[in-house]
Amino acid sequence: MEPFPETIRPLSAPQGTASAPPPDPVRAGTRPRSLSTPLERLPGVGTNRAEKLRKLELVTAADALMHFPREYRDFSGAHSIGDCVAGEHASIAGEVTDVSSRLTGGGRQMLSVRLRCQGGSVRAVWFNMPFMTQRFAVGMKVVIAGPVKQSGGHWEFPHPEVRWLIAGEQAHASDWLAVYPLSEGVQQSHVRAAVQAALQHAADLPAEAFPEELLVAKGLLPIERALREIHCPSQAEMIDAARRRFVYEELFLLQLALRMHRSQQETRHAAPVIAVDARIDGRIRARFPFPFTPAQTRVCGEIAADMARPQPMNRLLQGDVGSGKTAVALYALLATAATRVPQAERAPGRARLRPETYQAALMAPTELLARQHMATLERLLEEVPGRVRKGDIKLELLVGGQTPKRRQAALDRIASGEAQIVIGTQALVCGAASFRHLGLVVIDEQHRFGVVQRGILQQEQADPHVLVMTATPIPRTIAHAIYGDLDVSTLDGQPPGRQPVATYRVGPNQLESWWDFFRKKLAAGRQGYVVVPAVEESKRGLESISSAFENLSNGPLEAFRLGLVHGRLSPKKKQQVMEEFRAHHIDVLVATSVIEVGIDVPQATLMTILDADSFGLAQLHQLRGRVARGAVQGVCGAVTASGDEPHGRIDAFVATTDGFELAEKDLLLRGPGDLVGTRQSGSPPMYLADLLRDASVVAEARRDALDLYLRDPTLADPALVRMKQLIVKRWGETLGLGQVG
Ligand code: ADP
Ligand code: MG
């Protein structure tokens, strides 16, 4: 909640004057302040606020300017009493007719300010804010804004925002108050103070990336105007205009950076040619216990075509949970390990293996998943004894749980080229391993969209092909916009014989009968999961998992064999429990969301998610995906504390099993989320919701950036100097674009 309402005033905005006192001219004029001035040195911010703002990573004037509002409140005073709706935001202009302060029955001090306004009167109230009393006097003209409620037959504004109108000023329809993203302990007033101070006092504003000509041609606001409008809109339409400019700029620069990166790669780095001929293709497919679906066949073909070219593949494979992405990944890994390194391209030094093949790496987000992929691969190589026997392809596991000695031995075999397929966690494969002839990298279950890993994967001689897999689908245009040079493959549909998981919302009244049902299925020989939410890092979290386990094993699931797996178990123990579960020595696996990603035990078909409200929609869908893997229909109960009242997330979850549909719903329900994942300093974060809303801008920026690139690939035109500098500043390090500037 706000400590006290504040007025905001854009000092040099084209219109909109308010009654905040003008800045002290002496202080304001003493030293030049720039974008890099620390916030505590700006008038009106102060050390205390500056300290708090650090939590939002706002340190300098530039940081504050680039901290964009989440939304805006109508502060125009345009509403009349008749427009008020209980619980909703309203903004009313009026004259103070009464100011009174009293103690309430509960011992709180209550300030009550009555306003006469069009159509009657309203009341604003504050509790325990004695200093507010002095800010009002009878006869003052103010605008108050905030959610309203009915109280004793009147409209009441509890703790509204206030704007004091100076003599003669009319409330007009162009006042929009910015509402900023916050974090714990940071208040709107802190951020507003910092943003206003930066707008008023920073002598320089962020540089304009675009030449005048382009701004005009594209109808974009110049940077200075856009910054003022995004923080203090002069009118409602300017909010969109300002946002459009920033979305355009962000994507334009990113697209251009990615395109330049790609051309550098193509000229500086070749990729190994991995040609999958019909013989290899047939041999690999024959190893799988099932025929590939048409979608899998198509995607494998797309990947094979990419890898056959001497430029690095950059492909995103998206497919819903359970759509069979792993099989595609394994296909690509096996194809790579089946390809010999030509004599001319051998790395210097004697190879221990002869003939040498390319190496392929699969990076998983967790150790559990890495081990599971390894087990799947081992089974594949075992099951069909053919010309390639197990042992003919050298597999290597690289995970945190290994002893230092084993780890070193694995790293040695990777460096010597002996290890052909390496499966491990991202940290290790990316950070610790150095390969002799890395041909392909597959990154599994990449939820966050980032461009960061790309720099890391560059090698001395040839860059590997890269395949990124995700179960969080994003529309193709957006994927293009974010990745720019990434090609997208989609695995649509599910392998044959799948049935959608029957999903139920289980309220307190149905819990009893849900457990009856769950037990009946278990007694009939089925296996399942009970998922419990927990903050695994905290001690309390651990206790809550243990007590949930106790409650289940002494309560509803007393008669069954339970196992427990959570993030704090040692990898070895985790692995052991998983194996017991797989071997059906355990009936029910009680687990935290460590099983959310990727775990594949097809015969487990039951799931109870406790406290389902505490999971996000994408997470719920991932969890449910664990019981959607076999021919028997999966069943999932989402247990919630709420009774029958509507619940956006749970209701959406129950209503559909289509991940694409859910992803869209999720966006709508959740609002903007962090999209690019890594926020580059000096650049605003991009929001996926914004991108969806601004899909046309996204496409336009991409097209324009590519156009410009084709005309002037090195940005040699002097009018593009600022653009070039900005690109290097934002993306240079990540994408290795140093030499462009
Ligand atoms: P995800 O896309 O979620 O990573 P997986 O690759 O783990 O999905 O596959 C889910 C399940 O479907 C696995 O048990 C896998 O063996 C099975 N599967 C994959 N492809 C096929 C197929 N073509 N026919 C039958 N089952 C398949
Ligand atoms: Mg998977």
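Select ligand 1 and the shell of residues around it: by class, this shell holds 6 nonpolar, 6 polar and 5 charged residues. Keep in mind that the model is predicted. The shell takes at least three residues from domain 3 (278-346 + 353-491) and at least three from domain 4 (502-656). Colour these two domains separately to see what each one contributes.

**Stop 1: the residues around the ligand**

Which residues come nearest to ligand 1? Among the 17 residues around the ligand, they are Q296, G322, K325, T326 and R498. Show these five as sticks.

Next, pick R498 and look at its side chain. An N or O atom there is 2.5 Å from an oxygen atom of ligand 1. Then move to D600, where a polar side-chain atom lies 3.0 Å from an oxygen atom of the ligand. At S323, turn to the backbone instead: one of its N or O atoms is 3.4 Å from an oxygen atom of ligand 1. How much of the ligand does the protein bury? On its own, ligand 1 exposes 570 Å², and the protein buries 86% of that area.

**Stop 2: a sheet with mixed pairing**

Hide the ligand and show the strands from β2 to β8. They form an open sheet of 7 strands, in the order β6-β7-β4-β3-β2-β5-β8, and the pairing is mixed. Find the edges next: β6 (149-151) and β8 (161-165) each pair on one side only. On average, neighbouring strands of this sheet are turned by 40° against each other, with direction ignored.

Now select β5, residues 141-147, together with β8. Do these two strands run parallel or antiparallel? They pair in the antiparallel sense, over 5 bridges. To see one position in this part of the sheet, label V143, which stands opposite R163 in β8.

Stay in this region and select H159, in the loop between β7 (154-158) and β8. The phi angle of H159 is positive, near 45°, and the residue is not a glycine. Most residues other than glycine have a negative phi.

**Stop 3: a sheet with parallel pairing**

Go on to the strands from β17 to β22. Here an open sheet of 6 strands has the order β17-β22-β21-β18-β20-β19, with parallel pairing. Its edge strands are β17 (502-506) and β19 (562-565), each paired on one side only. Neighbouring strands in this sheet are turned by 20° against each other on average, again ignoring direction.

Select β18 (residues 527-531) and β20 (residues 588-591). How many bridges join them? There are 4, and the two strands run parallel. Within this pair, label G528 and its bridge partner in β20, V588.

**Last stop: a loop after β21**

Finally, select D611. Where is it? D611 sits in the loop between β21 (604-609) and α19 (617-625). Check its phi angle: the value is positive, about 50°, although D611 is not a glycine.

Notes
Residues are numbered from 1 along each chain as its sequence is written. Chains are lettered from A and ligands numbered from 1 in the order in which they are written. This is a predicted model: local features need pLDDT of at least 70, side-chain atom pairs count only at pLDDT 80 or more; totals for chains, interfaces and linings use all residues. Side-chain values use heavy atoms; hydrogens and water are left out. A residue is near a molecule or strand if one of its heavy atoms lies within 4 Å of it. A polar contact is a pair of N or O atoms within 3.5 Å; within protein, one must be able to donate a hydrogen and the other to accept it, and residues adjacent in sequence count only if both atoms are side-chain atoms. Accessible areas come from the Shrake-Rupley method with a 1.4 Å probe; for residues, only the protein chains shown count as cover. Ala, Val, Leu, Ile, Met, Phe, Trp, Tyr, Cys and Pro count as nonpolar, Asp, Glu, Lys and Arg as charged, and the others, Gly among them, as polar. Domain bounds come from an automatic or database domain assignment. Two strands pair if DSSP finds at least two bridges between them. Axes are lines fitted to C-alpha atoms, for helices over the stretch in contact, and angles run from 0 to 180 degrees between N-to-C directions.
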